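Colleague: I am new to this structure and would like a close look at a single part of it. Could you take me slowly through the main nonpolar core, and then through whatever lies around it?

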Amino acid sequence: MANVTVIGAQWGDEGKGKIVDWLASRADAVVRFQGGHNAGHTLVIDGEVYKLSLLPSGIVSGTMSMIGNGVVLDPWALRDEVAKLEGQGVEITAHNLAVADNCPLILPLHRDLDGLRETAAGKGKIGTTGRGIGPAYEDKVGRRAIRVCDLAHLDDLEPQLDRLCAHHDALRAGFDQPPVDRAKLLEDLREVAPFVLRFAQPVWKRLKKVRKAGAKILFEGAQGVLLDVDHGTYPFVTSSNTVSGTAASGSGLGPNSTGFVLGIVKAYTTRVGSGPFPTELNDEIGQGIGERGHEFGTVTGRQRRVGWFDAVIVRQSCAVSGVTGIALTKIDVLDGLETVKICTGYRLNGNVYDYLPSHAADQANVEPIYEEMEGWKESTVGARSYADLPANAIKYIQRVQELIECPVALVSTSPEREDTILIRDPFED
């Protein structure tokens, strides 16, 4: 049995939540390996809607769920999310949820800094969620972070607070803000510590044991490859590596453990916030696709920008992340369109590109080259086999996999868990 790593192969919001939930019901453990509570995964199970930001999607199905060391953890957000899911009848205990004891914490001072910077940036805003993700990662690599394990040693925290506050107080002074209230910070940490420590443990050790037993592990990524801090549309990216290779470092298992890499790909393209978007549609077609697809951010509620499917960026994402096969989602949103378009390349300064250039100005100025295909009038909603799909929808799927140079393993035809066409089983590969 293979392990499976799930990543987004566009700008996030590809429908990872449903696919991970579908796979989690067949896995023995699910692991989040990067990002924070800026991720947004929506699950629909028997008509009930569950919205997750930090917890692994497997928690709803009762699968053992772990938050790996590559995640930055807001302890108060974790407590709120657990309470919300428990209110929906989901049981969450130390038996089915583990949090890596070496996870860095997102603190109120990180949220403060995130907001201050974005407000001051003016036209340079990058559209962060304002949840302190970036500043928390900065403190991690700057060796100033307070981690989950520190919650059990708060009486010994003064030297770490000295380092942390020396950095943040200087930054806050530049924004004409008062120094960090250390006493309040310690008080808040003491209050939340017992809750977080219930779940804290060496996740790498737990995973080693699970793997040794031959269990199936599902690694769950957040955001998408085009938001990767190295490979994305920099600087309009997130603050972590979102590619599949991060599953190893962000969980504590080696790179030979990540198995089948499943890239989640929406049948069109969306993006939240600022940054280049070559195939963006600012017309009635784009508005219609957005309305049918309910394109609003799970975390922020912001309306997503909508465009035609961009085979160039997905092919690039599949290459840099070693994608084995893709799960194509929201094919049903394209039902009823007379014509559908796929971007097959870009024009820039008289040249044709088969990849997205690295410089932000070039990314903003590329002109998409489109291939048009005949749409389909029939509904694809709820289809569970290839035979249930319209002929033109099948042609579209086949053309997508040709252009991205990667096979389609799954097709999702509605938000419901079981409305999924299985072409290639990632766990059996």
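Modeller: This is a predicted model, and a good place to begin is its largest nonpolar core, which has 107 residues, and in which Leu73, Leu189, Ile326 and Tyr396 touch the most other members. Taking Leu73 as the way in, and setting aside residues up to four places away in sequence, one finds that Leu73 touches Leu54, Ile67, Leu78, Val99, Cys103, Pro104, Leu105, Ile106, Val148 and Val196. Apart from this core there is a second, separate one of 17 residues, which includes Ala27, Val30, Phe260 and Ala327.

Two of the residues that Leu73 touches, Ile67 and Val99, lead directly to the strands, since Ile67 stands opposite Val99 in β6. The strands β5 and β6 pair in the parallel sense, with three bridges between them, and together with helix α2, which covers residues 75-87, they make up a β-α-β unit that is right-handed. Along β6 the side chains alternate in direction: Leu97 and Val99 point one way, whereas Ala98 and Ala100 point the other way, and all of these residues are buried. On from there, β6 is joined to β7 by two bridges, with the two strands running parallel, and Ala100 stands opposite Gln201 in β7.

These strands belong to a wider arrangement, an open sheet of ten strands with mixed pairing, whose order is β7-β6-β5-β2-β8-β1-β9-β13-β17-β18. Its edge strands are β7, residues 200-201, and β18, residues 420-422, each of which pairs on one side only. Helix α7, made of residues 203-212, packs on this sheet and touches β2, β5, β6, β7 and β8, while its direction makes about 145° with that of β5. At the β18 edge, three bridges join that strand to β17, residues 408-412, and the two run antiparallel; within this pairing, Ser412 has Thr420 in β18 as its bridge partner.

Some individual residues help to fill in the surroundings. Asn3 lies in the segment before β1, which spans residues 4-8, and Asn3 counts as buried because its relative accessible area is 9%, under the 20% limit for that class. A polar atom of the Asn3 side chain lies 3.0 Å from the backbone nitrogen of Ile217. Leaving aside neighbours within four places in sequence, Asn3 is in contact with Ala215, Lys216, Ile217, Phe219, Ser257, Thr258, Gly259 and Phe260, and Phe260 is also one of the residues included in the second core.

Phe260 offers a link to a residue in another setting, namely Ala183, which lies in helix α6, residues 182-197. Ala183 counts as exposed because its relative accessibility is 57%, over the 50% limit that applies here. The two residues are 77 residues apart along the chain, and their C-alpha atoms are separated by 47 Å.

A last residue to consider is His168, found in helix α5, residues 158-174, which counts as buried because its relative accessibility is 2%. The side chains of His168 and Asp139 are joined by a polar contact of 2.7 Å. Not counting residues up to four places away in sequence, His168 touches Asp139 together with Leu109, His110, Leu113 and Val180.

Terms used: Residues numbered from 1 in each chain as written. Predicted model: local features only at pLDDT ≥ 70, side-chain atom pairs only at ≥ 80, totals over all residues. Heavy atoms only, no water. Pairing = 2+ DSSP bridges. Helix = DSSP H or I, 4+ residues; strand = E, 2+ residues; numbered from the N terminus. Contact = heavy atoms within 4.5 Å. Axes fitted to C-alpha atoms, helices over the stretch in contact; angles between N-to-C directions. Buried < 20%, exposed > 50% of the residue type's maximum accessible area, 1.4 Å probe, protein only. Right-handed = clockwise from strand over helix to strand, strands pointing away. Polar contact = N/O pair within 3.5 Å; in protein donor to acceptor, adjacent residues only side chain to side chain. Core = buried A, V, L, I, M, F, W, Y, C linked by side-chain atoms within 4.5 Å.
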